[in-house]
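Colleague: I would like a close look at one helix and what lies around it. Please keep to what can be read from the model.

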Amino acid sequence: MKRSELEHAIRAACDVADETELWVFGSQAILGEHPGAPESLRQSAEVDVAPKNKPENVDLIDGALGELSLFHRTHGFYVHGLSVDAATLPDGWKDRTLEIDSPGMRPSKGYCLETHDLAASKLVAFREKDRDFVRTLLVEGLASAGRLLERISTLSVADADRLRLSRWVESTAAEL
């Protein structure tokens, strides 16, 4: 996915949801802070979004722009509307989002997760693809282990899970 495609997805989702602002919190949120992110971080054809002011309209997005929709078949990517509560995010994440507001998008805006908030959220899922994503962030210097550990410390997860995530970050950083 490219930044221009993310902007298109935001604009389309806002139109469908009768909304002007969206949270962008899946892997493609990386394009908010790093529009030129390495291709290995931009492999997903899915953009996870939630309406910021009209969360009740989330299903409209998935229905019109979701996987296997006409939008997906036409553009080669799709928009997955889901509640932002589906993600486990570090405390204070809303204050660190990065706004995407280009002239071609107006009046639509997207608020993308900051890189370390995104990485912490991806690690909570702890799937291989999510660990690979975070490992790439660390290798490419787009995320720092120290800041990621800070964000992990504020996640609302069990202590054992927080410890497992922290140990993974520490051992992965040591390998690099």
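Which exposed residues are carried by the face of α9 turned away from its buried side?

Modeller: That face of α9 carries D159, A160, R167, A174 and E175, which are exposed. This is a predicted model, in which local features need pLDDT of at least 70 and side-chain atom pairs count only at pLDDT 80 or more, while totals for chains, interfaces and linings use all residues. Residues are numbered from 1 along each chain as its sequence is written, and side-chain values use heavy atoms, with hydrogens and water left out.

Exposed here means over 50% relative accessible area, buried means under 20%, and partly exposed is in between, with a 1.4 Å probe and protein chains only. Helices (H or I, at least four residues) and strands (E, at least two) are DSSP runs, numbered from the N terminus.

Helix α9 covers residues 159-175. Its 17 residues should span 24 Å at 1.5 Å a residue, and the end C-alpha atoms are 24 Å apart, which agrees. The expected span is 1.5 Å times one less than the number of residues.

The buried residues of α9 are R162, L165, S166, W168, V169 and T172. Seen down the helix axis they fall within an arc of 155°, so they line one face of α9. The arc is that of the directions from the helix axis to the C-beta atoms. An α-helix has 3.6 residues a turn, so residues three or four places apart point the same way. The buried residues of α9 pack against α6 (115-125), α7 (128-139) and α8 (145-152), where contact means heavy atoms within 4.5 Å.

Two of those neighbours, α6 and α7, also serve the largest pocket: along with β2, each supplies at least two residues of its lining. A pocket is an open set of points on a 1 Å grid over the protein atoms alone, where a 1.4 Å probe fits, with protein on both sides within 12 Å along at least five of seven lines; lining residues have an atom within 4 Å of a point. The space in the largest pocket is about 550 Å³, a volume being the space filled by probe spheres set on the points, which are joined across faces, edges and corners. Its lining has 25 residues, and S27, D48, K122, R127 and D130 are the closest to the centre. Helix α7 gives the largest share of that lining, five residues.

R162, one of the buried residues of α9, can also be placed relative to E33. The two are 129 residues apart along the chain, and their C-alpha atoms are separated by 25 Å. E33 lies in helix α2 (residues 30-33) and is partly exposed, at 30% relative accessible area. Leaving aside residues up to four places away in sequence, E33 touches L98, E114 and T115.

For a second helix to set beside α9, take α3 (residues 58-65), whose buried residues are V58, I61 and L65. They cover an arc of only 70° around the axis, which puts them on the same side of α3. D59 and G63 are exposed on the other side. The cover over the buried residues of α3 includes α1 (3-17), β1 (21-24), β2 (46-51), α4 (70-75) and β3 (78-81).
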